[in-house]
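Biologist: I should like a close look at a single part of this model, namely the helices and how they pack. Please give one connected account, with the accessibility of selected residues along the way.

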Amino acid sequence: MAVNSATSFVLSSILALLIFSGMQMYKPFLIKSPITIIFGGYLGSVMFMFFVTAVGNLEATLFGKNFQLKLTEIVLSMAVALVAAGMVHRVCFTTCLIFSIITIYYMNKLSQKTYAASVPASAPVKSRRHK
């Protein structure tokens, strides 16, 4: 069941904050082995996803449904997630960057599939060339 933009903003903000605080609380666990360090970068990219969702929903609430995220908001959200992941471990920073790029690619692909205006297919033109 879908919620409106204001409710989604609140939920996304809370989830981003919970992931950030969890990454800080479990920092000793996340830096224990290479696989948990990579998992810390993954958590950073999940926080990036929730942060982008929160910013997008805030703008949709303030400026209307047709307002879209620009590159500035994406870069700002990426910077926040990378700083949060970098506070855990410097390799978390790198893996967060990689996972976040993959995440934003698939978010864009899903958004284009869901919200893109469908263009009616043009009928093929029959040519009457005689040879």
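Modeller: Val10 has a relative accessibility of 43%, so Val10 counts as partly exposed, because the partly exposed class lies between the 20% and 50% limits. The model in which this value was computed is a predicted one. Val10 belongs to helix H1, which spans residues 5-25. Together with Ile14, Leu15 and Leu18, Val10 makes a nonpolar surface patch of about 340 Å².

From H1 the account passes to helix H3. Two packed helices are described by the angle between their axes and the distance between the axes. For H1 and H3, the latter covering residues 34-63, the axes come within 8 Å and the crossing angle is roughly 155 degrees. H1 is therefore roughly antiparallel to H3, since angles over 145 degrees are placed in that class. The crossing in which H1 passes H3 is left-handed.

A residue of H3 adds detail here. Val46 is found in helix H3, and its relative accessible area of 16% means that Val46 is buried, because the limit for that class is under 20%. Between the C-alpha atoms of Val46 and Ile19 the distance is 8.0 Å, although 27 residues separate the two in sequence.

H3 also packs with helix H5, residues 90-115. The axes of H3 and H5 come within 7 Å of each other and cross at roughly 45 degrees. H3 and H5 are therefore oblique to each other. In this case H3 passes H5 in a right-handed crossing.

H5 has a further partner in helix H4, residues 71-86. The angle at which H4 and H5 pack is about 150 degrees, and their axes are 8 Å apart. This angle makes H4 roughly antiparallel to H5. The handedness of the crossing of H4 and H5 is right-handed.

The connection between H4 and H5 deserves a word as well. His89 lies in the loop between these two helices. With a relative accessible area of 23%, His89 is partly exposed. His89 is 49 residues from Gly40 in sequence, while their C-alpha atoms are 8.1 Å apart in space.

Helix H2 remains to be considered. H2 comprises residues 27-30, and Leu30 is found in it. The relative accessible area of Leu30 is 3%, so Leu30 is buried. Leu30 and Cys92 are separated by 62 residues in sequence, and by 9.2 Å from C-alpha to C-alpha.

To draw the packing together: H1 is roughly antiparallel to H3, H3 is oblique to H5, and H4 is roughly antiparallel to H5. As for the residues discussed, Val46 and Leu30 are buried, whereas Val10 and His89 are partly exposed.

Note on methods:
Residues numbered from 1 in each chain as written. Predicted model: local features only at pLDDT ≥ 70, side-chain atom pairs only at ≥ 80, totals over all residues. Heavy atoms only, no water. Patch = residues over 30% accessible without salt bridge, like charges linked within 9 Å, V, L, I, M, F, W, Y side chains within 5 Å. Areas by Shrake-Rupley, 256 points an atom, 1.4 Å probe, with all protein chains shown as cover. Salt bridge = Lys/Arg side-chain N within 4 Å of Asp/Glu carboxyl O. Helix = DSSP H or I, 4+ residues; strand = E, 2+ residues; numbered from the N terminus. Buried < 20%, exposed > 50% of the residue type's maximum accessible area, 1.4 Å probe, protein only. Axes fitted to C-alpha atoms, helices over the stretch in contact; angles between N-to-C directions. Parallel < 35°, antiparallel > 145°, perpendicular 65-115°, else oblique. Left-handed = near helix turned anticlockwise from the far one by under 90°.
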